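Student: Could you take one part of this structure and go through it closely with me? I would like to follow how its residues are arranged, step by step.

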Amino acid sequence: MKQEIQELYSYRDLLFAMVSRDIKIRYKQSAMGFLWAILMPTLIVGAGIIVRYGFAITSGKHLDSSDIAAVAVKSLPWAFLVSSIRFSCMSLTNNTTLVTKIYFPKEIFPLSAVMACFFDFVVAAGALVILLFFLKTGWSLYLFYVPILIIAMALLAAGISMIVSAGSLFFRDVKYIVEAVLTFAIFFTPVFYDVRMFGDKGKWLLLNPAAPILESFSDCIARQQSPDLLWLAYSLVFALVTFVAGYAFFKHLEPAFAESV
Amino acid sequence: MSDVVLRMENVYKMFRKGQVFNSLRDLVPALTGRMFNRQELNAADRREFWALQDLSFEVKRGEAFGIIGHNGAGKSTALKILSRIMKPTRGKIFVNGRLSALIEVTAGFHQDFTGRENIFLHGAIMGMNKREIRSKLDQIIAFSGIEEFIDTPVKRYSSGMYARLGFSVAAHVNPDVMIVDEVLSVGDYVFQQKCVQRMKEVIRGGAAVVFVSHNLKSVAEFCHNCLVLERGRPVVQGKADQVIANYMRRQTAARQPDQSSGVKITKVTVRNHEGECVRFESGEKAWVDIELSARKPCQKLSVSLYLSDSESHLIFNTSLARLGYADFDLNPGQVFRCTFELALNLAVGTFHVGSLVFRYDNETEYDRWLQAATILVSSSQDIRGLVNCFPKVVKREIADEQLKAEAKIESLA
């Protein structure tokens with residue numbers, strides 16, 4: 001493992017070149033340019049506000065500005081996770097000539113896809129800060145948790161990305177499965193709703209490793225309260241294990257890549 | 001530090017020929033089916049195909065090593081194992097230093113990027129870092145010869161420009177081991193010469209080169225040592241000259257002549273004053289020995305000698321009859337032998353020597369074997385084309401015509 005990471009480090013310039021390639025292509029090909037980065041989160045936030053508005057009407061409560069902030073804050077990391085998995089799933093199969101002809105650490109493909117999506121996430125986060133300012137969201141010391149949350153999310157995204165990218169190279173229907181799961185995953189993940197709405201049964205939802213991270217985002221930024229540290233630790237460990245296992249899985253399959261295509 | 005930069009030790013590579021499951025939809029039923037039917041599993045495992053068997057060689061610094069073989073002989077597999085894209089099933093491979101492969105030199109290009117952007121992208125894929133690429137950028141652009149279009153997206157390039165840019169990047173990697181896969185066929189003649197020059201520089205600079213090709217001439221030109229692959233096995237290995245001579249003999253021995261014909265050409269060999277040989281110096285004397293044997297009685301035969309270039313264009317022919325020798329008759333069991341002496345006034349290149357048995361009066365052809373032997377001609381002079389006219393420069397001056405003219409006018413006055 002150590003040797004493999006050293007090799008990846010020696011190819012860091014390639015990793016950055018691939019990230020900038022992915023970003024440049026995406027922004028070159030779409031007339032909207034940087035708006036692309038906030039299109040996906042805007043759609044999710046819009047959908048979330050409608051769902052939240054529905055909740056408010058049925059429960060007879062007033063729709064709070066902190067609820068809107070919570071939906072917005074959770075949408076961004078969720079959009080990052082989903083688009084990372086979606087882009088990286090195709091990252092190897094779309095570059096078969098490179099995979100089969102030239103030697104370099106192939107994890108550069110899924111990792112660069114995740115990093116390109118992270119770039120979109122950063123752009124969208126800039127827009128989010130403006131939105132939160134208009135919603136008059138306050139701030140607290142809990143904001144110091146945010147970098148940890150971002151790291152956890154990135155590790156989770158990278159780990160899953162390495163697994164699905166290698167998997168889709170061997171089995172061409174993996175991408176359909178991934179697509180189906182990603183479409184409906186939003187209903188199993190607290191993006192539009194909060195886990196506390198479910199009371200005691202909420203802990204089942206928190207087993208989804210993305211859920212405690214998203215809830216912590218909302219706690220730290222939108223609600224200025226401490227996240228549930230126990231569940232957050234669970235997610236952190238889960239993300240770390242996914243990353244290490246995903247990397248090991250990817251490296252284990254890598255020598256067979258050229259033969260399978 | 002050892003001088004050996006690349007070593008392959010008893011490398012084997014096996015592929016499975018059986019059904020490959022490339023979707024989960026097919027795999028899952030197959031797996032459950034197999035659980036109840038173990039025999040089928042074993043049968044599938046037996047369909048093995050050994051693409052490489054017991055391949056061993058080593059290459060030292062400043063040395064070029066050639067791998068020759070037909071299509072399907074295992075060259076590509078050897079290349080993929082050398083460039084570490086595939087792992088050998090058995091055996092070891094040892095590389096000391098940076099390895100770069102001139103395979104698919106444009107694989108890393110992105111259509112929408114300009115030539116310059118692609119140099120950085122492809123350079124990174126080939127293992128260079130940003131600083132290195134930046135310092136070599138001018139060199140790479142100049143080498144490719146497309147300075148004018150370097151800021152144009154490569155999708156507007158001609159295929160030649162595309163390949164040239166790719167090769168330029170790949171050729172500037174400065175590796176310890178360079179693997180070359182017949183990319184010398186990229187671009188026009190001038191560019192090919194540049195590439196050959198560049199490879200020689202790389203070798204002189206102390207790198208090792210592995211050259212995979214079926215172009216015997218370039219292998220003979222570059223490589224000190226080489227091996228021949230046949231169905232995955234190295235069949236001959238050693239000094240390039242000897243291996244190539246051996247390889248050509250094996251190839252020509254594989255001929256299947258027409259059984260119904262009455263006369264068969266059994267041997268066409270070329271030798272110099274020392275003996276049978278493949279490499280000739282331009283202008284050297286060569287002797288072509290031709291042997292025929294008869295299966296049926298044949299009358300009024302004559303033997304032609306053919307010389308063709310690497311693309312099988314006839315460049316020279318003559319025959320016993322045309323040189324004024326009488327035709328001859330052969331009875332079954334009789335053997336006819338003749339030797340032509342030639343002055344090989346040929347330019348540098350690969351040439352085929354062949355023969356034809358012919359009866360002139362009724363224009364019957366008995367046997368033809370136009371590429372019976374192959375020779376490689378080299379020259380100390382840089383001469384191009386098909387023939388060597390032995391150029392000598394006998395006068396060379398720079399004259400000032402105007403001064404002369406003025407002097408003439410003065411003398412007239």
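**A helix in chain B**

Tutor: Let us begin at the end of our chosen part, where helix α7(B) is followed by Gly206(B), a residue whose phi is positive, near 100°. Please keep in mind throughout that this is a predicted model. The helix itself runs over residues 189-204 of chain B, and because each residue should add 1.5 Å, its 16 residues are expected to span 22 Å, which agrees with the 23 Å that separates its end C-alpha atoms.

Now consider which residues of the helix face inwards: Cys195(B), Met199(B) and Val202(B) are the buried residues of α7(B). They cover an arc of only 60° around the axis, and therefore they lie on the same side of α7(B). On the other side of the helix we find exposed residues, namely Tyr189(B), Val190(B), Gln197(B), Glu201(B) and Arg204(B).

The buried residues of α7(B) pack against four elements of chain B, which are α6 (159-171), β6 (177-181), β7 (208-213) and α8 (216-222). Within the range of β6 we can look at Ile179(B), which, when its neighbours within four places in sequence are left aside, is in contact with Val210(B) and also with Leu79(B), Leu82(B), Ser83(B), Leu99(B), Ala101(B), Leu102(B) and Ile103(B).

Ile179(B) and Val210(B) appear again in the largest nonpolar core, which has 184 residues, where they are among those that touch the most other members, together with Ala157(A), Val209(B), Phe211(B) and Val219(B). The largest share of this core, 15 residues, comes from helix α4 (residues 65-89) of chain A.

Methods: Residues are numbered from 1 along each chain as its sequence is written. Chains are lettered from A and ligands numbered from 1 in the order in which they are written. This is a predicted model: local features need pLDDT of at least 70, side-chain atom pairs count only at pLDDT 80 or more; totals for chains, interfaces and linings use all residues. A nonpolar core is a set of buried Ala, Val, Leu, Ile, Met, Phe, Trp, Tyr and Cys residues joined through C-beta atoms within 7 Å. A residue is buried if 20 or more other C-beta atoms lie within 10 Å of its own, exposed if 12 or fewer, and partly exposed in between; C-beta atoms are placed from the backbone. Helices (H or I, at least four residues) and strands (E, at least two) are DSSP runs, numbered from the N terminus. Two residues are in contact if their C-beta atoms, placed from the backbone, lie within 7 Å. The expected span of a helix is 1.5 Å times one less than its number of residues. The arc is that of the directions from the helix axis to the C-beta atoms.
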